Amino acid sequence: MRPNAQGAPWVRTRLRTAPWSAVAFGVLVLVTAFLAAVLPRAVEAYETDGLRAAVTGASPESTVLELKSPQPGLGQSEEARADAVRPQALAAVDARARALLPGPLRADPAESAYGVRTGKSLEALDASLPRPDGLPPRFTLLAQSGAAGHATVREGRLPTAGAVSVDTRSVEGAVTSETARTLRLRAGSTLSLAGFPDGPLTVRITGVLEPRHPRGSYWSAEPVLRTPALQSNNGRPPQFYWEAGVLLAPGAAPALLGGQGEPEKYWRFAPATGRLTGAEASALGAAVASLEDGPGLVRMRGAAGPTAQLSTGLEQVVGAYAETREAITPVVAVAAFGIAAVAVVVLVMAGGLAAARRDDELALLRARGGSLRGIGGRLLAETAVPAVPAAACGLLLALLVVDEGRALPAVLGAGAVALLACAVLPLRAVVAQRRPRAHRERDDLAHARPGGRRTVAELTVLVLAAGSVAALRRRGTEGSADLLVSAAPVLVGVVAALVLVRLYPLPLRWAAGPAGRLRGLVGFLSLARAGRSPAAVAVLPLLALLTALTTAAFGGSVLTGVADARDRAALLETGADARLETTDGTPLPAGLAGAVRDVAGVRQVTAVRVGFAAESPSDETPSLTVVGVEPETYAEVARRTGLGGFPAGLLGAGGGVLDAVASPEVAERLGRAPRRIVTEGGPVTVRITAVRPRTPAVTQGEFLLVDAAGLKASGGPTTLLAAGAGLDAKALRAAVRDTGSGVSVTLRGEERAALSDSPLQKGAERIYVWAVAAGAGYAVLALVLAMLRSAPERAALLARLRTLGLTTRQGRRLLGLEALPQALLAAGGGMAVGWATVGLLAPGVDLDRLALAGASGGALPGGAVLRADVWSLALPAAVTVLLAGAVAVAQAWWAGRRTPITHLRAGDVR
């Protein structure tokens, strides 16, 4: 027998028969596989960026790992003690300790250092050094490695060390330019430091250094090495002195052993973030814990000595990142579940469309003796030819688009899409053809009767949805991500779709009677056609639309809640669109208010003075915040910002009494009767006329507002508040520079931007937006697939009616009205379900971490609240109705271009 005696191969024949259908199916699989593969990689990418940003953004004091060991014991000889702190010995320990760091913790060699330091600062005896309150400055001495690679010599040279021993009392040192400027040092200066038994230690300054990376761990792990700081002696009243650092040559370390500065050896390891990934956060925290008090510390002591200790704040930094990630992940998972559910429905619909188009063909094969296994195998091979390469291309595209992240989750996601795409058509065909049929039974909504299995399945989904909603309301989204809790909005949408499908025929039957009594036939025919739509055509599109609308409503409400919370937090931080105030509480420069008024975008400016007062003459410490304001302008700013607005007449004055607006606690303490308080300018009598929870001048804490005209002896204003949309920030800062220095400018827009600059927040929001958009796209595709499935039957009906005198306009109206009930059901149901879902799940969704993870002023009063957003509910629903009508009209227009005979051929449903 010749090789082609059995006919052409099945797969090749079928693909050649319908090439465009295979191409469209392949494109659908490619897009879905790409989304399934890119989502986990995108999540891991922004988690990785977030972890790296958290570590690099924290202060080096918090992230550096410092291994410390006390000075060599006094029982050793002086020569042995000196040899133990020389650079060679310290470098050997550094190499061994760095090799013992457990993964994924890695040290950054460029910012790591080791050496010997004085654990207790030494008092300087030089009278020429500045003494703010009469106290001498104190210096921390560090014989630290690597100074030549981390600093540029601005004056003099780097310090060197000759033959230094324990008895050496003269060494060379270097200071940074900030230290030299603050303490009036230069190359050639000398420091005499107390704390040595046989006379002070003399440090000759040989150079002034400029740090190359001043914010790096080398200079900032010990902040006083870079910048001097004022320290308090904790006295009453407190007195301040300068604390600074001096960099010695590494070979000068033995000289520190002869004093009382409690010298100690140290090895500082700056964490390297270049290869750190978000998936390693838990392992990183465990590694740090092991080094602080665990097996890692035991190994470190084997290298640095039995009494060595390791300290770091990296564990707290990683812990804060993990808390934020755990709060954000469940919210993002809601979007992932939504798009996954809609994508699965669309793939099932695509397979169902192909099965429905070939139902007669498969029934004929089955009637002629074709086995279910043979039919299913052929369909599987036919589907796999476009699906598998398309899924592989989607996976490859995802790997190219996001180059970070593990490959396994992406492979599993794309593989799941390929498996589902290949299995839908064979399974649908095998189930439909499991018994040969003599004729096709009606399966429209009007006659469909749900069976027992479907009822059990729907009840199961209902129980799961109720359990997920209850769990989310009770436990919230805190802790590890729970799949059932994250799927709550999707499950609610599925339950609503199942309920609406059962109720869908009822309004059609009620409306069909009155429509039948009308003169025209279009209304009655459209309702009758809508009621006789196949059940599968109604269930799956409605399920996809409701799931997409619910996800869009929930996602839009989440994003709106986040935006509102950030706007509110930024407003509470500044009190207005711009806040200008002196850094030391002195009055503002003259003419600043006029210059600010001339800045583009500024609509209102008010000047206030923030001071303090004692509530009674016997109080020693003024504790009451008193704000002197201009009643008219301040009331206008408060009204514009929505922070405790009030009529300007409430701040009047009469009979020697100043009317005041107070916060609730101040009003409770002072009462409503006139009360005498002692301000900075002297005693005044105030009477509280109104209570407001907050005010623009004092966004946090208690306050008392009075007319500034009644505080004549208190001085000029200290703060300017400006209101106006779109004010010019550059021009505002230029106006401040022109009027003088010492005035800080805080802009509401900049504070708002700072709340969302975290890679973790930005990545989560970006994925949420794209997931909602992709879900909407799949919902549109589901609507189109539903129209395509019934398109041949509609075209044939339209052709028959055209032969009976139906006009083109009436045909368009017929198809549009036929699609309208399902679209209205999906739109109305989507709005109702979205509103109900947000209301049900709002108590259990914590948006504070997503919205305010970068807030510096604490949590927002009342927190970030999840509320239903009107636009997120109405806009997708309106688009659904319009799109359904547009698709129906387009189908009528396309059918009208062809002659009726094309659609009326006997036995042909194409």
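Here are figure legends for several close-up views of a predicted model.

**Figure 1. The whole chain before we zoom in.** Let's start with the big picture of this predicted model. The chain folds into 32 helices and 22 strands. How many residues does the chain have, and what share of them count as buried? There are 910 residues, and 49% of them count as buried. Now look at contacts between residues at least 6 apart in sequence: 81% of these join residues at least 24 apart.

**Figure 2. Helix 2 packed against helix 27.** This view shows two packed helices. A pair like this is described by the angle between the axes and the distance between the axes. Helix 2 covers residues 19-57 and helix 27 covers residues 759-789. Their axes are 8 Å apart, and the angle is about 170 degrees. Anything over 145 degrees counts as roughly antiparallel, so helix 2 is roughly antiparallel to helix 27. As for handedness, helix 2 passes helix 27 in a left-handed crossing. On the helix 2 side, the contact includes Leu-28, Val-31, Leu-35, Leu-39, Tyr-46 and Glu-47. On the helix 27 side, look for residues including Pro-759, Leu-760, Ile-767, Tyr-778 and Leu-781. Sort the residues of this contact by class and you get 15 nonpolar, three polar and two charged.

**Figure 3. Helix 18 crossing helix 29.** Here is another helix pair, made of helix 18 (residues 488-503) and helix 29 (residues 808-841). At what angle do these axes cross? They cross at roughly 140 degrees, and they come within 10 Å. Since roughly antiparallel needs an angle over 145 degrees, helix 18 ends up oblique to helix 29. The crossing of helix 18 past helix 29 is right-handed. From helix 18, the residues to find are Ala-488, Pro-489, Val-492, Gly-493, Ala-496 and Leu-500. They meet Leu-825, Gly-829, Val-833, Thr-837 and Leu-841 of helix 29. Counted by class, this contact has eight nonpolar and three polar residues, with no charged ones.

**Figure 4. Rings that pair up.** The model has two aromatic pairs. In one of them, the ring centres of Tyr-218 and Trp-219 sit 5.3 Å apart, with the planes at 75 degrees. Planes over 60 degrees apart count as edge-to-face, so that is what this pair is called. Are Tyr-218 and Trp-219 buried or exposed? Both are buried. The aromatic pair of Tyr-634 and Phe-646 is tilted, with 6.2 Å from centre to centre and 35 degrees between the planes. Tyr-634 belongs to helix 23 (residues 631-641), while Phe-646 is in the loop between helix 23 and strand 16 (653-654). The two are twelve residues apart. Tyr-634 and Phe-646 are buried too.

**Figure 5. Ala-252 and the residues around it.** Ala-252 is in the loop between strand 10 (240-248) and strand 11 (263-269). Is Ala-252 buried or exposed? Its relative accessible area is 1%, so Ala-252 counts as buried. Leaving out residues up to four places away in sequence, Ala-252 touches Ala-161, Val-164 and Val-171. Another residue to find is Ser-165, which is 87 residues from Ala-252 along the chain. In space, the C-alpha atoms of Ala-252 and Ser-165 are separated by 8.0 Å. While you're in this loop between strand 10 and strand 11, look for Glu-262. Glu-262 isn't a glycine, yet its phi is positive, at about 50 degrees.

**Figure 6. Backbone details in two other loops.** Which residues does a cis peptide bond join? Gly-103 and Pro-104 are the ones, with omega at about 0 degrees. You'll find Pro-104 in the loop between helix 5 (87-99) and strand 2 (113-118). Next, go to Arg-184, in the loop between helix 7 (177-183) and strand 7 (190-193). Although Arg-184 is not a glycine, it has a positive phi of about 60 degrees. Exposed means over 50% relative accessible area, and Arg-184, at 56%, counts as exposed.

**Figure 7. Leu-801 in helix 28.** The last view goes to helix 28 (residues 791-803), where Leu-801 sits. With a relative accessible area of 17%, Leu-801 is buried, because the cut-off for that is under 20%. Leu-801 and Gly-811 are ten residues apart in sequence. From C-alpha to C-alpha, Leu-801 and Gly-811 are 8.3 Å apart in space.

Methods. Residues are numbered from 1 along each chain as its sequence is written. This is a predicted model: local features need pLDDT of at least 70, side-chain atom pairs count only at pLDDT 80 or more; totals for chains, interfaces and linings use all residues. Side-chain values use heavy atoms; hydrogens and water are left out. Axes are lines fitted to C-alpha atoms, for helices over the stretch in contact, and angles run from 0 to 180 degrees between N-to-C directions. Helices (H or I, at least four residues) and strands (E, at least two) are DSSP runs, numbered from the N terminus. Angles under 35 degrees count as roughly parallel, over 145 as roughly antiparallel, 65 to 115 as roughly perpendicular and the rest as oblique. A crossing is left-handed if the near helix is turned anticlockwise from the far one by less than a right angle, and right-handed if clockwise. Contact means heavy atoms within 4.5 Å. Ala, Val, Leu, Ile, Met, Phe, Trp, Tyr, Cys and Pro count as nonpolar, Asp, Glu, Lys and Arg as charged, and the others, Gly among them, as polar. Rings of Phe, Tyr and Trp (its six-membered ring) pair if their centres lie within 6.5 Å; planes under 30 degrees apart count as stacked, over 60 as edge-to-face and the rest as tilted. Buried means under 20% relative accessible area, exposed over 50%, partly exposed in between (1.4 Å probe, protein chains only).
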